[in-house]
Amino acid sequence: MGERPRHRGALLSGTLGLVGVGLIGGSVGLAAREAGWEVIGVDRPPVLERAADFGAVDRASTLKEVRGADLILLAAPISRVADIVGDLAPTDALVTDAASTKTRIVGAAEKAGLGRFVGGHPMAGSQLAGVEHAGPELFRGARYFLTPTERTDPEAYREVARFVREDLGAVPTAVEPEKHDLLMAALSHLPHLMAVALLKVASDISPEALSFAGPSFRDLTRVGASNPALWSDILAENSHAIDEALAAFAGTMEQLGRELPDRGSIEGRFRAAREAYDALGGILVQRSGRNAEIAIPVENHPGVLAEVTTLMGSNNINILDLYVRHSNTARAALVLTVDSGAAEEAMDLLRGAGFSAELEG
């Protein structure tokens, strides 16, 4: 495979075994090969053929051979990972995984005696599945949870964190497995269930209701179109934490329902929500002072996003966040978050370039 990657720790010497070579596993493989690893893969033969064609693996392998790799990453469907952990033992390899729930998998690894296991979960992905949509840049700058316990080998943790940081380009963040699963229940799993519930409520009110839905409803329910098999697996694996999040959510909704006649109370709730959302922005993006959101109605055609972002970048205006609010398939609004001190200049530039732009909030 040529020259060994630089900064390699003593525990790693360059052979990565991937068990599961879809979007996540394939992206890990592409990034690792660029960093100098030899990558061997375990999956169904047609998947491995595509993975080799796309350069995600050097060659196909078996679970038996993978036990001898320096690092093993499990990126199989979440419902299979705990069983694969058991099948891997015994091995001296450093082992990690990419599943989006952690408590059961970490417990299975400890029960199997995998002394060099470190649970992991990259906060990166795509609505497109399969190795053909993988890319070596998928994890660049993304948060990557690692879930050590008091039984985790400290050197194993350091080596996995180094791989995540240096070879994948992600930001390793340590969190306990149970806390990780509660975080995912609140931040990811509960919103998916909310989308399913909202779509059902609207459909039950009227078969035509969804044709009247505005942008905010579509934004709230977009994740309801997620892969059904994948999400049934994920939710089943994290049902205990989701039960806790659902109970808290139901209690909060009940309390809000009682407060509806009190305009002042509800206004206070929205103020608190706005403060929480602004604080979230402070966590997700770097910002100085207060932010401003600018809505830019655009025709939905290739190049319009690049035109707006290039206009801002070429004038040294940093876009702190950006999302697309769709009104239909032909029209949309780009919503830029910029520092409030740059908002007036940004508005002038956009209008000078022929865009209509309005400050929001």
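pLDDT is the predictor's confidence in each residue, on a scale from 0 to 100. The model you see is predicted, and local features are taken up here at pLDDT of at least 70, side-chain atom pairs at pLDDT 80 or more, while totals for chains, interfaces and linings use all residues. Residues are numbered from 1 along each chain as its sequence is written, and side-chain values use heavy atoms, with hydrogens and water left out.

**Exercise 1. Find out which stretches of the model call for caution.**

Step 1: Start with the whole protein. Its mean pLDDT is 86, and 89% of the residues reach 70 or more.

Step 2: Now look for weak stretches. Over residues 1-11 pLDDT stays under 50, and residues 282-289 also stay under 50.

Step 3: Draw the lesson. Where pLDDT is low, the predicted coordinates should not be read in detail.

**Exercise 2. Work out the strand order of the open sheet and describe its edges.**

Step 1: Strands are DSSP runs of E with at least two residues, helices are runs of H or I with at least four, and both are numbered from the N terminus. Two strands pair if DSSP finds at least two bridges between them.

Step 2: Walk across the eight strands. The order is β3-β2-β1-β4-β5-β6-β7-β8, and the pairing is mixed.

Step 3: Check the ends. β3 (59-60) and β8 each pair on one side only, which makes them the edge strands.

Step 4: Try one pair inside the sheet. β1 and β2 (residues 38-42) are parallel and share five bridges, with V19 opposite V42 in β2.

**Exercise 3. Explain why strand β7 is largely enclosed, and describe its partners.**

Step 1: Count burial, where buried means under 20% relative accessible area, exposed over 50%, and partly exposed in between (1.4 Å probe, protein chains only). Four of the five residues of β7 (residues 143-147) are buried, so the strand is largely enclosed by the rest of the structure.

Step 2: Look at one partner. β6 (residues 117-122) pairs with β7 in the antiparallel sense over four bridges, and G120 faces L146 in β7.

Step 3: Turn to the other partner. β7 and β8 (residues 171-174) run parallel, joined by four bridges. Here R143 stands opposite V171, and F145 stands opposite T173.

**Exercise 4. Locate the largest nonpolar core and its contributors.**

Step 1: A nonpolar core is a set of buried Ala, Val, Leu, Ile, Met, Phe, Trp, Tyr and Cys residues joined through side-chain atoms within 4.5 Å.

Step 2: The largest one has 34 residues, and those touching the most other members are L16, L18, V21, V28, W37, L73 and F163. At least two residues each come from β1 (15-19), α1 (23-34), α2 (45-54), β4 (71-74), β7 and α6.

Step 3: Zoom in on L73, taking contact to mean heavy atoms within 4.5 Å. Beyond its neighbours within four places in sequence, L73 contacts residues including L16, V28 and Y144.

Step 4: Another core, of 31 residues, lies apart from the largest one and has I40, A69, I72 and L114 among its members.

**Exercise 5. Spot two unusual backbone features.**

Step 1: Recall the rule. Most residues other than glycine have a negative phi, and most peptide bonds are trans.

Step 2: Look at A89 and P90. A cis peptide bond joins them, with omega about 0°, and P90 sits in the loop between α4 and β5.

Step 3: Move to N316. Its phi is near 60°, a positive value in a residue other than glycine. N316 lies in the loop between α12 (304-314) and β10 (321-326) and, at 74% relative accessibility, counts as exposed.
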